[in-house]
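I am opening a notebook on a structure that is new to me, and I want to write down what I look up as I go.

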Amino acid sequence: MPTVAVAKTVQLSSLGISHIPSPETLLQECRDPGISLSPPRQAKRRPAIVMMESEDDDHPNQPIGTPDEAFSTASRNRKAFRHLQEQRKQLPIARGRESLIRSIASNDVTIILGETGSGKTTQLPQYLLEGGSYHGQIAVTQPRRVAATSLAARVSAEQGQALGTLVGYSVRFDERVGLGTRIKYLTDGMLVREMMNDPLLTCYDVVIVDEAHERTLRTDIVLASLKRILALRNGNGVDSSAKGKAKANPLKVVIMSATLDAEKFSKFFESAPVLYVKGRQHPVSIYYTSSSQSDYLDAALRTFFQIHVDRPPGDVLIFLPGQDDIENLESSLRMYANQLPQNVPDVIICSLYASLPNGQQAKVFLPTPPDSRKCILATNIAETSITIPGVRYVIDSGKQKEKRHLARIAGSGFDTLLTTDITKSSATQRAGRAGREGHGYCFRLYTEEAFNSMIASVEPEVLRSSLTSVYLQLKVIGQDLDTMPFMDRPDQESVGSALRTLWLLDAIDDSRHLTDFGRSLAVFPLEPQYAATLLASVKHNCTAEVMSVVALLSSSSPLFPDTSSQRDKANEARTKFRHPSGDHWTMLNVFRAYDEVCASEGKSGRKDWCKHNFVNQRALREAWSIRAQLRGICERMDIDWSLSCGNEESPLLRSLLRGLLQHVALLQPDGTYKQVMGPSVVKIHPSSFLTDKRSPAIIYNELVYTTNIYARGVSAVYKSFIAEFPKLTGMRLS
Ligand SMILES: Nc1ncnc2c1ncn2[C@@H]1O[C@H](COP(=O)(O)OP(=O)(O)OP(=O)(O)O)[C@@H](O)[C@H]1O
């Protein structure tokens, strides 16, 4: 295979980027199965770097993805609409249109395997709609919200309709559908929620489970539920209640992916037929490094600048494991991009990760200005389904963050988030994000041998996640985790841990039946523990305070980011928020202070305030948005969310204790804490604001496991509060 000969327009080493060793080496080391390099592009003026600022986002519920305004303009524009129709016809899947429609019509379940970009996700629902055989809705599930919203926008445009009319989407905390909506893109989690009100999914004629290879917990629940629904609606199962109802309102199920284990899925659905969509619209050339890279951030930085100075126009999408890596690489990229000479185009940097507010995620989809190159730093939320217009190059670090629930440890178990190698399936999906609009290039920052030794696909989430929330949701739809026909059965430890938590919360009774309280918990899109805290706040007259704390605890970013390099300054700045009872009241103090700042300051004032006080504005903004949603739910449930305890300490702590029963620990003579509901001895995390580190009893949000087991998010509670819960006292308190 040829070595890539890179023509250089700029010597990076002349830019003072001294610690990047010979920047051109990386690509020269890459091997490419048949690429011919285009000539270097013309040098241009304008050296400055343009930033897509991670600024305030005042529109947290703005739809993500290609702005639909752009699409509705396009749809009004006949020429653009005709162009979209032409594009549709060119997709590989178009050739199989009739046979796909036929196969789906004659089978309950159809499995479709087709390369990335072949047109499965955007076209199949439209074929079924245009075919005219289905009069109900068509659901298309996605593992991630960014995909659901951006796909709905694209397909609306292809139908020449405004988003939310014929084609819409539904994701947690955001929905855009109308009475006439026929194609609905929704997250698999939302479909599970819909089953709570409509267990047989009667409003759908077709359910398409897309990206099924990801095997998220919710996807697996959808798959198992569909099996049962098929039996009931199509009368092809053993369920006796199905008799008589058969075929009145049959359901069609389609399972799709570019990288799924077709045989396993087919077997799961009683030998469902597998159809292959052949071909892809544009090729993607793959490069590997010749030796493994110890520092993937440095390798990504070098590769990006090599592309930037040597390669023709086209945006770059870099896959990194998490937000920290994204922020680190972003600051390095900015620094070096600022030093680029006059004749190199601008660099526009933007990020895409789950906790980024929707409005900022949307910026990724904005057109790149001329004479610029967009560099998108993303986690694996950009890995499947989405098309980011303009992306021609993908840089794949080969790493991801993987959440794992260790049910065996510390009674209730705890979650870990580890950086791990990706799977072959992820690598294929990542490469597939290039080559959507033309020939694409994917630079893998690992060797071909490393790729060959990757495992084929990820371990299903049901085997490595906390099952508490899911157990509850299943109960609400009349199902039992223990008897659910999962493709892979979760282990008994995890099931037991979920069961214990729900029983302690009084969500289920001694016979494992769902209680009314459990049913109320499930209404909130929160972990059941926090939903219990919220409901308890009504009794203690502190719903306003609890909503703020629970919203902060449900935010995906920490309120107090790690500030190891400026620890003393950060501690000093944060002292003013400190509450002697510990971290929950301290969090509330920050939230209240930020609230006041929002009332008096503009965007930059708020940002400065957060910076000055070493608190994470992202967490606060996200919490604001979550709090607003919780308020809406409280209103619908007739709960007075304005109930306030002012500065009285106990009500908030008693409400928290109601939800955190499993996270109670008692002081031992040696100063450590012993769990009430588990075997472990834990220490209070050094970052805790709790003043008296020898308080007789504590509650905590979570455990972290380093050299010791640490309790994080800690508050002191009176033992007399604990005595109010017979389930706890009966077990351990004396
Ligand atoms: N937002 C968009 N902007 C521009 N082109 C798009 C957009 N969405 C889809 N396309 C075009 O439609 C093609 C098919 O996309 P689609 O998502 O249907 O493919 P797919 O087979 O489902 O791929 P994957 O398995 O990667 O999800 C893309 O390759 C791209 O050319």
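The entries below go through the ligand shell, two helices, a strand and a single residue.

**Entry 1: the ligand.** I noted at the outset that this is a predicted model. I then looked up what lies around the ligand and found 21 residues there, with Thr116, Gly117, Thr121, Thr122 and Thr387 as the closest. Sorted by class, this shell holds 14 polar residues, four charged ones and three nonpolar ones. I also asked which element gives the most to the shell. It is helix 5, residues 120-131, which supplies four residues. Domain 1 (3-36 + 283-458) and domain 2 (67-277) each contribute at least three residues to the shell.

**Entry 2: helix 8.** I turned to helix 8, which covers residues 217-234, and compared its span with expectation: its 18 residues reach 25 Å from the first C-alpha to the last, close to the 26 Å expected at 1.5 Å a residue. I counted 14 of these 18 residues as buried, so helix 8 is largely enclosed by the rest of the structure. Just after the helix comes Gly235, for which I noted a positive phi, near 65 degrees.

**Entry 3: Val470.** Is Val470 buried or exposed? I located Val470 in helix 15, residues 468-476, and counted 22 other C-beta atoms within 10 Å; because a residue with 20 or more is called buried, Val470 is buried. Leaving out residues up to four places away in sequence, I found that Val470 touches Leu217, Ile221 and Leu481. I also checked Ala498, which is 28 residues from Val470 along the chain, and the C-alpha atoms of the two are separated by 8.7 Å.

**Entry 4: strand 12.** For strand 12, residues 346-352, I found seven of the seven residues buried, so the strand is largely enclosed by the rest of the structure. Both of its faces are covered, with Asp346, Ile348, Cys350 and Leu352 buried on one side and Val347, Ile349 and Ser351 buried on the other. I then looked for its partner and found strand 13, residues 372-378, which runs parallel to strand 12 and is joined to it by seven bridges. Within this pairing, Ser351 stands opposite Leu377 of strand 13.

**Entry 5: helix 24.** My last look was at helix 24, residues 649-659, which is mostly covered, with nine of its 11 residues buried. Among the buried residues I listed Pro651, Leu653, Arg654 and Arg658. I asked what the buried residues of helix 24 pack against, and the partners include helix 18 (528-539), helix 21 (583-600) and strand 22 (709-716).

Notes. Residues are numbered from 1 along each chain as its sequence is written. This is a predicted model: local features need pLDDT of at least 70, side-chain atom pairs count only at pLDDT 80 or more; totals for chains, interfaces and linings use all residues. A residue is near a molecule or strand if its C-beta atom, placed from the backbone, lies within 6 Å of it. Helices (H or I, at least four residues) and strands (E, at least two) are DSSP runs, numbered from the N terminus. Ala, Val, Leu, Ile, Met, Phe, Trp, Tyr, Cys and Pro count as nonpolar, Asp, Glu, Lys and Arg as charged, and the others, Gly among them, as polar. Domain bounds come from an automatic or database domain assignment. The expected span of a helix is 1.5 Å times one less than its number of residues. A residue is buried if 20 or more other C-beta atoms lie within 10 Å of its own, exposed if 12 or fewer, and partly exposed in between; C-beta atoms are placed from the backbone. Two strands pair if DSSP finds at least two bridges between them. Two residues are in contact if their C-beta atoms, placed from the backbone, lie within 7 Å.
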